[in-house]
Amino acid sequence: MTTTQVLRRDTLASVAARIRSHIVDMCAGPEGGHLGGGLSCVEVLTSLYFSVLNVDPQRPDDPARDRFLLSKGHAAVALYATLAERGFLPVEELAEYGRPGSRLMGHPVRAVPGVEMPTGSLGHGLALACGFALAGRYAGHDSRSFVLLGDGELQEGSVWEAAIAAVSLKLDRLVAVVDRNGLQLTGTTERIAPMEPLADRWRGFGWAVRDVDGHDADQLAEHLAAAPWEPGRPSVLIARTVKGHGLPFLAGRASSHYVTLSERNHARATGALRTSDAAT
Amino acid sequence: MSRATREAYRDSLLPLLDGHPDLICLDTDTGLFSAEHAAAAGEQYLNLGIAEHNLMGIAAGLAACGRMPFVNTMAAFATSRALEAVKIDIAYNRLPVRIMATHGGLAAGHLGPTHHALEDLAVFRVLPGMTVVVPADAAATETFVEQSLSIEGPLYVRLGRKPSPPLPAATPPVIGQAQTLREGGDVVLACCGPYPVLACLTAAEVLAVYGIEATVLNLHTLRPFDTETLVAAARPATLVVTLEEHWRDGGLGGAVAEALAEAAPTRVLRLGMPDRFVDEVGNQEHLVTHYDLTAEQVVRTVRTALDTATDRKDITT
């Protein structure tokens, strides 16, 4: 089923709501999960997989496909939920996340259909995506390569090695998205290692930059679909998000980084998501 | 005429590019490829700048899309600076990236410990699925470059910097198969790399004068390790001595000791760079001599060990 066909029967907001609900369920499992950073990138993933990416779960190895990499691999719960909703793996399998014998590890592995490369150690995805984009150019495909970076991840020097290379190689079929939730494990990025003015930093490296609301899936889809925004330049979308978005008792808190939801908090979270669904 | 292994690599890769459009040569401004070389390679050569993690990451991305990248950096940087990208992006995904690591061992000479690689073999040979080879001369390098096209998964090739001493002609080595350069039943001299192989061949000749017959094994492939040939050579022998341009632990000596401990327990004496960083200026030849990675040390070690063994036998009988 193509991306367009998927879109016809659903809205991005309703898909995002289902993905959010899966994430909450997974983080109530025995091992818990990276809840806050998973919830912050739901709309980014939804817009990519349900509106932008040219991928087909029936032909996951199509050499001309668009490629997506979750460089902030700790948001695996969000990727698994998205891939399941998109048909790469059964939705029922999400219940296996973190359980002994499951392929759904705490960081994405290639054994999971739709996962291009294993990620988890931060600072790897942008160089890999440069390689994807370069390979697409060599092959003469008009495919694009997308990579989602965490904002804390930008503290890794290897990100900037790749940021330089992407510009010097003129990889305009490469699109990076920064999940700018402003928080890392122990606090705000601005207290620990200030990143602002973030857009200027990327611009200074030679990237085409857009700075947008990271929870408006329709707007995200529009921007991402339109890339490249400037000929000959890679694009970076700074998605302003909220860590733990959708759960009022965790949203905007660093403590949402890794959570094993108790039965009580699982119920609270489910209730909160239901209320916010009703509101939208 | 002796040639540097790194130049042999470059000169054997360039003619292969035309017939193999999937090959791509990625550089980190090492200077090995001149403007003329780059022009000859056309779009199949890219200088990515001085960024070794980035080099390995881009190579992995390309390889995941069906390309076979040859990546150029120094052994020191491939091993320590870029190791995480090598481990996670390349080895974990079993991708066919060819890591062409120049300045292996002490080849960087006077440039000092920041540019020496005395741990690379230990590091690379523990990575699952990694093939690790050390050509002993330019001819072997050319052979390995050609053979590398049919090797599955990642490959690490330790190269030198300057021309190394010429070696006696031998049948071309095959990746994965130990090369028996001389046969003798008393001791086995196991080695890899230009200077150690030459030293062991010289040592074997000297030992023969003392009535000690040595097998010389060029164990150019550290992974997959040719345990079978090693064990066959070691069975009749009373002693195995290893020599390498590498810290004593974890490299060839480690591989030999591990293999023999499991398959054919034999006394193994490991010779290599002492447990310290280089502390004086010298070119590769000087440093190899200064730290006694020499035929003399091999002879001394064998003779002392055999004498001691004989003495012990005399005492016990």
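**Exercises on strand β2 of chain A and the contact with chain B**

Six bridges join β2(A) to strand β3 (residues 174–180) of chain A, and the two strands run parallel. The model is a predicted one, and the exercises below start from this pairing.

**Exercise 1.** Determine which strands pair with β2(A), and which residues stand opposite one another.

*Solution.* Begin with β3(A), where Leu174(A) is the residue that stands opposite Ser145(A). Then turn to strand β1 (residues 67–70) of chain A, which is joined to β2(A) by four bridges, again in a parallel arrangement; here Leu70(A) has Leu148(A) of β2(A) as its bridge partner. Finally, follow the chain from β2(A) through α7(A) to β3(A), and these three elements turn out to make a right-handed β-α-β unit.

**Exercise 2.** Decide whether the two sides of β2(A) are buried or exposed.

*Solution.* First sort the side chains by direction: Ser145(A), Val147(A) and Leu149(A) point one way, while Phe146(A), Leu148(A) and Gly150(A) point the other way. Next, apply the criterion that a buried residue has 20 or more other C-beta atoms within 10 Å of its own; all of these residues are buried. Because six of the six residues of β2(A) (residues 145–150) are buried, the strand is largely enclosed by the rest of the structure.

**Exercise 3.** Describe the side of chain A that touches chain B.

*Solution.* Start with the contact as a whole, which takes 22 residues from chain A and 21 residues from chain B. On chain A, α6 (125–139) and α7 (157–168) each supply at least two residues, and the largest share, nine residues, comes from α6(A). Classified by character, the residues on this side of chain A comprise 14 nonpolar, five polar and three charged.

How values were computed. Residues numbered from 1 in each chain as written. Chains lettered and ligands numbered in written order. Predicted model: local features only at pLDDT ≥ 70, side-chain atom pairs only at ≥ 80, totals over all residues. Contact = placed C-beta atoms within 7 Å. Nonpolar A, V, L, I, M, F, W, Y, C, P; charged D, E, K, R; others polar. Buried ≥ 20, exposed ≤ 12 C-beta atoms within 10 Å, placed from the backbone. Pairing = 2+ DSSP bridges. Right-handed = clockwise from strand over helix to strand, strands pointing away.
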